[in-house]
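Colleague: I am new to this one. Could you take me through how to read it, feature by feature?

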Amino acid sequence: MPTEPNPSSVTPGNARPRVLSGIQPTADSFHLGNYLGALRQWVAMQDTHDAFYCVVDLHAITMPHDPALLRRRTRVAAAQLFALGIDPERSTLFVQSHVPEHTELSWVMGCITGFGEASRMTQFKDKSAKEGTSAASIGLFTYPILQAADILLYQADQVPVGEDQRQHLELTRTLAQRFNHRFGETFVTPEAYIPKATAKITDLQEPTAKMSKSSSSPQGILDLLEEPGPLRKKVMRAVTDTGTEIVADEANKPGVTNLLRIYSALTETSIPDLERRYEGQGYGTLKKDLAQSVLDTFTPIRERTEKLLADEAQLDRLLGLGAERARAVARRTMEDVRERVGFLGRA
Ligand code: TRP
């Protein structure tokens, strides 16, 4: 049995740790929850990590979808990521379906995953329950295995994700170790990187529920590409709590707590500092200031996104370069996997 480590998986002493993350192109815009919970970290991690970021269009077809809309949203997703500050010189930003090794490795990983093990994934249970389990696709069932392939192909050390992805990361780690144990050291076992303080952005209308594309009402969500007027309105109409005091108290004041959390994250001011600043003032003042800081953050991103989308050929070229770089790494891992698994090399 081969046991020597795969050279592509050994991080040289002075190299930066590698990070990989993915986001689905399933909305017309990313929202504040995506931005504060994940995408802002993606941008920051470029300074400290060797970053691979992926628009996961293969994952986006696990639910019924419209082809033209998917193509459009894939470009919109990529444009927003560049507009947010993902730098194509420093990071590798690419579209998942441009790198066929994702599906190839996914098959191999699926063959070492237990049916029962996959059946325990809570995201599948939640998503399939919505349509009735028998109506759910096999693709939705094997979604976490494809996600494991995304991560393992690039030998990622760290994976920034939301709390809801913890179980998928655990499965990825299990599969990496199982493969390594059976076939010899091949994959890095990745760590989940889950930012704590800002990860929990909730619905403006229903502040005990997560801000989410699939479950929030339009009034509860702040979209990155939204116009200033509607954005301001939504902040001003956010549900607050009884009483007048501006303090963070998740159990009794979930609405105000959410606003404080958002404001704190956007302005990089601590919540106690904000509580002091707004002492004796009404909710209206906090909302007005928060609306302004949302606009200050979102407007330049929206403008840059629009500019990038105005030249699709150039955007597609950038994605082509990203795919080439990603593929060079993925191909190396896959060559190793083929050899380890025992597939006959092609003459
Ligand atoms: N499942 C992830 C989510 O819904 C998206 C995703 C797909 C992902 N592949 C990934 C995240 C690889 C991190 C790494 O958020």
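Modeller: Start with the naming of parts. Helices and strands are DSSP runs, numbered from the N terminus. With that in hand, one residue can be placed: Q155 sits in the loop between α7 and β4. Keep in mind that this is a predicted model.

Colleague: What sign does the phi of Q155 have?

Modeller: The general idea comes first. Most residues other than glycine have a negative phi. Now the case here. Q155 is not a glycine, yet its phi is positive, about 55°.

Colleague: Is Q155 buried or exposed?

Modeller: Buried means under 20% relative accessible area. Q155 has 4%, so it counts as buried.

Colleague: Which residue just after α10 takes a positive phi?

Modeller: That is E268, with a phi of about 50°. E268 is not a glycine either. It lies in the loop between α10 and α11. Exposed means over 50% relative accessible area. E268 has 70%, so it is exposed.

Colleague: And α10 itself? How many residues does it have, and what span does it reach?

Modeller: The idea is to compare the span with what is expected at 1.5 Å a residue. Helix α10 covers residues 254-267, which makes 14 residues. From first C-alpha to last it reaches 20 Å, close to the expected 20 Å.

Colleague: How many residues of α10 are buried?

Modeller: The count is 13 of the 14, so α10 is largely enclosed by the rest of the structure.

Colleague: Let us move to the ligand. Which residues surround it?

Modeller: The idea is a distance cut-off: a residue is near a molecule if one of its heavy atoms lies within 4 Å of it. Here the ligand is surrounded by L20, S21, G22, V56, H59, Y143, Q147, D150, I151, V159, V161 and Q165. By class, that shell has 6 nonpolar, 5 polar and 1 charged residues.

Colleague: Which elements each supply at least two residues of the shell?

Modeller: They are β1, residues 18-23, and α7, residues 138-153. The largest share, 4 residues, comes from α7.

Colleague: Which side chains have a polar atom facing a nitrogen of the ligand, and at what distance?

Modeller: Look for pairs of N or O atoms within 3.5 Å. A polar side-chain atom of Y143 lies 2.7 Å from a ligand nitrogen. For D150, an N or O atom of the side chain is 2.7 Å from a ligand nitrogen. For Q165, the distance from such a side-chain atom to a ligand nitrogen is 2.9 Å.

Colleague: How much of the ligand does the protein bury?

Modeller: Taken alone, the ligand exposes 360 Å². The protein buries 88% of that.

Colleague: Now the aromatic rings. How many aromatic pairs are there?

Modeller: Rings pair if their centres lie within 6.5 Å. By this rule there are 9 aromatic pairs. Take Y35 and F298 as one case. Their centres are 6.4 Å apart and their planes meet at 85°, an edge-to-face pair.

Colleague: Why look at where these two rings sit?

Modeller: Y35 lies in helix α1 (residues 32-45) and F298 in helix α12 (residues 283-310), so the pair ties together parts that are 263 residues apart in sequence. Both Y35 and F298 are buried.

Colleague: What about F94 and Y154? How are their planes set?

Modeller: Their ring centres are 5.5 Å apart and the planes stand at 50°, so this pair is tilted. F94 belongs to strand β3 (residues 92-95), while Y154 is in the loop between α7 and β4, so the pair ties together parts 60 residues apart in sequence. F94 has 0% relative accessibility and counts as buried. Y154 is buried too, with a relative accessible area of 0%. With F52, these two rings, F94 and Y154, form one aromatic cluster.

Colleague: One last contact. Which side chain does N180 make a polar contact with?

Modeller: The partner is the side chain of E185, at 3.4 Å. N180 is found in helix α8, residues 166-183. N180 counts as buried, at 8% relative accessibility.

Key:
Residues are numbered from 1 along each chain as its sequence is written. This is a predicted model: local features need pLDDT of at least 70, side-chain atom pairs count only at pLDDT 80 or more; totals for chains, interfaces and linings use all residues. Side-chain values use heavy atoms; hydrogens and water are left out. A polar contact is a pair of N or O atoms within 3.5 Å; within protein, one must be able to donate a hydrogen and the other to accept it, and residues adjacent in sequence count only if both atoms are side-chain atoms. Accessible areas come from the Shrake-Rupley method with a 1.4 Å probe; for residues, only the protein chains shown count as cover. Ala, Val, Leu, Ile, Met, Phe, Trp, Tyr, Cys and Pro count as nonpolar, Asp, Glu, Lys and Arg as charged, and the others, Gly among them, as polar. Rings of Phe, Tyr and Trp (its six-membered ring) pair if their centres lie within 6.5 Å; planes under 30 degrees apart count as stacked, over 60 as edge-to-face and the rest as tilted. Buried means under 20% relative accessible area, exposed over 50%, partly exposed in between (1.4 Å probe, protein chains only). The expected span of a helix is 1.5 Å times one less than its number of residues.
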